[in-house]
Amino acid sequence: MSFEADGAGFFGSADGQRWGGRFMPEALVAALDELDVAWREAMADPRFVADFDAILREYAGLPSSLYYAERLSEKAGVRILLKREDLNHTGAHKIRNVLGQALLTKRMGKTRVIAETGAGQHGVASATAAAYFGLDCTVYMGAVDTRRQALNVARMNLLGAKVIPVDSGSATLKDAINEALRDWVASVDHTAYLFGTAAGPHPFPSMVRDFCRGIGDEARQQSLDQFGRLPDAVAACVGGGSNAIGLFTAFLDDADVDVYGFEAGGDGVDTDRHAATIHAGESGVLHGARTYVLQDEDGQTVESHSISAGLDYPGVGPQHAHLAQSGRAKYLPVTDAEAMDALALLSRTEGIIPAIESAHAVAGALRIADEVKAAKGPDATILVNLSGRGDKDMETAIDWFHLGETDDQEVRA
Amino acid sequence: MSVARAFETARAEGRAALIGYLPAGFPDIDGSISAMRTMVESGCDVIEVGLPYTDPVMDGPTIQTAAQQALEGGVRTRDVFRVVEAVAGTGAPTVVMTYWNPVERYGVERFAADLASAGGAGLITPDITPDFGQEWVAAADAHDLDKIFLVAPSSTDERIAMTTAECRGFVYATAVMGVTGARKATSDLAGPLVARARRTTDLPVAVGLGVSNGDQAAEIATIADGVIVGSAFVRTLLDHASDPAAGLAALSELPRDLAGGVRRG
Ligand SMILES: Cc1ncc(COP(=O)(O)O)c(C=O)c1O
């Protein structure tokens, strides 16, 4: 099976369902073509690749470590390895993508970047990259998210970025993307759109994947070096899908490695408050790509819900749609409550407070532990991408666990 | 009925055609029908019926507000066909302007069939290009519907040629790099774009985005075969939200001003 998109940006076989593409206003096509060419040329240029590598190493603190979480493993009943993207500069895997795209922006001679953000992690990463490269930066963020991620808004401001709250529609990530696209249509001659996830029109799904694929490339080598073997399964949370595809890519050709993506199940997939796009969505076109979309009978986008702003998106990257349909990867929903339980458990057992997004992956790994052990034997290993750290989520955690409210400080774990 | 006839009539009268846009279901379904009929009576040659969509990336705040209001009012895709039928009944060629996903969801072939049987002339598709819209091209051809794709100032000559070759009815040239919404000055990007489009096609070329008054319409009419106005109509209704009768009265004034413009140009 080929996991690459064709020249038009479609994943999948020519005779089956094709995912992705570029369903976009004509006004943006020239810019997307220009980006596609510039990105391919850059990736074929050893100097660009070496520069990207050096920035990741010297500035962003990569490669991130692969850590055997022994106490968590005891609870889980399988060996759990954590890819510590939470230790990266700015606190999440997102820094890889933005440094790649910002380096490309410099190479293309553009002077301004725009970005959308949900949790604020991509916005912070974009503001950081803009500061690093001396670019002008504007970040669009749903008004609901500016409230639940106030700390990240402050960080972006401090880094010199302009943050514009978006009130239209559901005032969350999808609407921030809409507003960023509207900005881009008017500013495309001097502005690059640093898209925050492996979704959107071609070439973004492929380009963002390539900038994030270090997660899996590093983890695969680390697993061989440190443990002398590959993991039996890899797991990541899936919002738009950048951290997940960044992890999965290195393992797709390893037929013995099972691949799991965990979507935000919100209040539960039997309610209408969730963001389990692959599980509950249907094929459609959103933000330039054919993919699974949470939509009503008329093709109107349905508002998603998740306790984690970064997973609160009614679409998903098209390569994930293809991996799901082809059966190479399995996608399962994890509820808010399961994720928060896992967040508490990881905090208590390992001294690591994960981002709520990443807590979905931890919860998912705990859920599949028995299944993986049954299939692969007693020393089964699950490699989990810990995509980010939880500092930004403390407000939500305080509310959820009533932290500091009473003298009974016990958190379920 | 194709929009071609409306352009021929306008050309015979030595003027540009006036194309007016409103979303179906805004302020409500019957209200949108009355408003569009008023626009026809006051001088619009072609009506563009918007299909409200949750994620209108090519629209500015004015049309976003109207579309959101229509959706909150419960407008459905099938209601859009009802509006088309009522407006086409006036004799004015009526096209639907829609983002792609509602069409795909409704079923592309079924959408074309229902649009044709409602008397609609065709479709304007702002977020797909012919290279990704072949399913629509086939359905439109089967039902003899106009296919109106957009060209932009950023389009290469090759893409303009590819796009206009796939259009039927007219070619939609966006006057500015940007989204819908009234603008104070007309853009100097429109003229060169229309000229580039004309080099590739004999179809009428209409210019939209940012035209809101008679003077701007007059300027565009000197360079194009049609003038497309949307946000200014929507704005007029939004400004009279509490008094629908006054809204319709104000709405009837706007085409008169614009129609004066297309005749001066
Ligand atoms: C820590 C973290 N993980 C995951 C995500 C989800 O994005 P993606 O699915 O693109 O990895 C986000 C998004 O903000 C995030 O901040």
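**Exercise 1. Cysteines**

Task: In this predicted model, decide whether Cys167(B) is buried or exposed, and state how many disulfides the structure holds.

Solution.
Step 1. Cys167(B) has a relative accessible area of 8%. The cut-off for buried is under 20%, so Cys167(B) is buried.
Step 2. A disulfide is a covalent bond between the sulfur atoms of two cysteines. Over all chains, the count of disulfides is zero.
Step 3. Cys212(A) serves as a check: its nearest cysteine sulfur belongs to Cys237(A) and is 12 Å away. A disulfide needs sulfur atoms within 2.5 Å, so Cys212(A) is in no disulfide.
Step 4. Cys212(A) is also buried, at a relative accessible area of 0%.

**Exercise 2. Nonpolar cores**

Task: Find which residues have the most contacts inside the largest nonpolar core, and list what Phe233(B) touches.

Solution.
Step 1. In soluble globular proteins, nonpolar side chains tend to be buried together.
Step 2. The largest nonpolar core has 96 residues. Those with the most contacts inside it are Leu22(B), Phe111(B), Trp136(B), Phe170(B), Val227(B) and Phe233(B).
Step 3. Leaving out residues up to four places away in sequence, Phe233(B) touches Gly20(B), Tyr21(B), Leu22(B), Met39(B), Cys44(B), Leu251(B), Leu254(B), Pro255(B) and Leu258(B).
Step 4. A second core, separate from that one, has 65 residues, including Met24(A), Trp39(A), Val163(A) and Trp184(A).

**Exercise 3. Helix 16 of chain A and the segment after it**

Task: Which residues form a nonpolar patch on the surface with Ile398(A), and is Thr396(A) buried or exposed?

Solution.
Step 1. Ile398(A) lies in helix 16 of chain A, residues 394-401. With a relative accessible area of 38%, Ile398(A) is partly exposed.
Step 2. The other members of the patch are Ile353(A) and Met394(A). Together the three have about 230 Å² of accessible area.
Step 3. Thr396(A) lies in helix 16 of chain A as well, but its relative accessibility is 17%, which counts as buried. Apart from neighbours within four places in sequence, Thr396(A) is in contact with Ile307(A) and Ile356(A).
Step 4. In the segment after helix 16 comes His402(A), which is partly exposed at 46% relative accessibility.

**Exercise 4. Backbone exceptions**

Task: Where are Pro63(A) and Pro27(B), and what is the phi of Thr90(A)?

Solution.
Step 1. Most residues other than glycine have a negative phi, and most peptide bonds are trans.
Step 2. The peptide bond from Leu62(A) to Pro63(A) is cis, with omega near 0 degrees. Pro63(A) sits in the loop between helix 2 (46-58) and strand 3 (66-68) of chain A.
Step 3. In chain B, a cis peptide bond joins Phe26(B) and Pro27(B), with omega about 0 degrees. Pro27(B) is in the loop between strand 1 (17-23) and helix 2 (29-41) of chain B.
Step 4. Thr90(A), not a glycine, has a positive phi of about 70 degrees. Its place is the loop between strand 4 (79-84) and helix 4 (94-108) of chain A, and Thr90(A) is buried at 6% relative accessible area.
Step 5. His402(A) is another residue other than glycine with a positive phi, near 50 degrees.

**Exercise 5. Salt bridges**

Task: How many salt bridges are found over all chains, and which residue does Glu104(B) pair with?

Solution.
Step 1. Side chains of opposite charge can pair when their charged atoms come close. Over all chains, 43 salt bridges are found.
Step 2. Glu218(A) and Arg96(A) form a salt bridge, with their closest N and O atoms 2.9 Å apart. Glu218(A) is in helix 10 (residues 214-227) of chain A and Arg96(A) in helix 4 of chain A, so the pair ties together parts 122 residues apart in sequence. Glu218(A) is buried at 16% relative accessibility, and Arg96(A) is buried at 1%.
Step 3. Glu104(B) pairs with Arg290(A), the closest N and O atoms being 2.6 Å apart. This pair crosses between chains, from helix 5 (residues 100-106) of chain B to strand 12 (residues 289-293) of chain A. Glu104(B) is buried at 16% relative accessibility, as is Arg290(A) at 12%.
Step 4. Asp45(B) and Arg15(B) meet in a salt bridge of 2.9 Å, N to O. The pair links distant parts of the chain, 30 residues apart. Asp45(B) is buried at 15% relative accessible area, and Arg15(B) at 11%.
Step 5. Salt bridges with shared partners join Lys83(A), Glu85(A), Arg96(A) and Glu218(A) into one network.

How values were computed. Residues numbered from 1 in each chain as written. Chains lettered and ligands numbered in written order. Predicted model: local features only at pLDDT ≥ 70, side-chain atom pairs only at ≥ 80, totals over all residues. Heavy atoms only, no water. Buried < 20%, exposed > 50% of the residue type's maximum accessible area, 1.4 Å probe, protein only. Core = buried A, V, L, I, M, F, W, Y, C linked by side-chain atoms within 4.5 Å. Contact = heavy atoms within 4.5 Å. Patch = residues over 30% accessible without salt bridge, like charges linked within 9 Å, V, L, I, M, F, W, Y side chains within 5 Å. Areas by Shrake-Rupley, 256 points an atom, 1.4 Å probe, with all protein chains shown as cover. Salt bridge = Lys/Arg side-chain N within 4 Å of Asp/Glu carboxyl O. Helix = DSSP H or I, 4+ residues; strand = E, 2+ residues; numbered from the N terminus.
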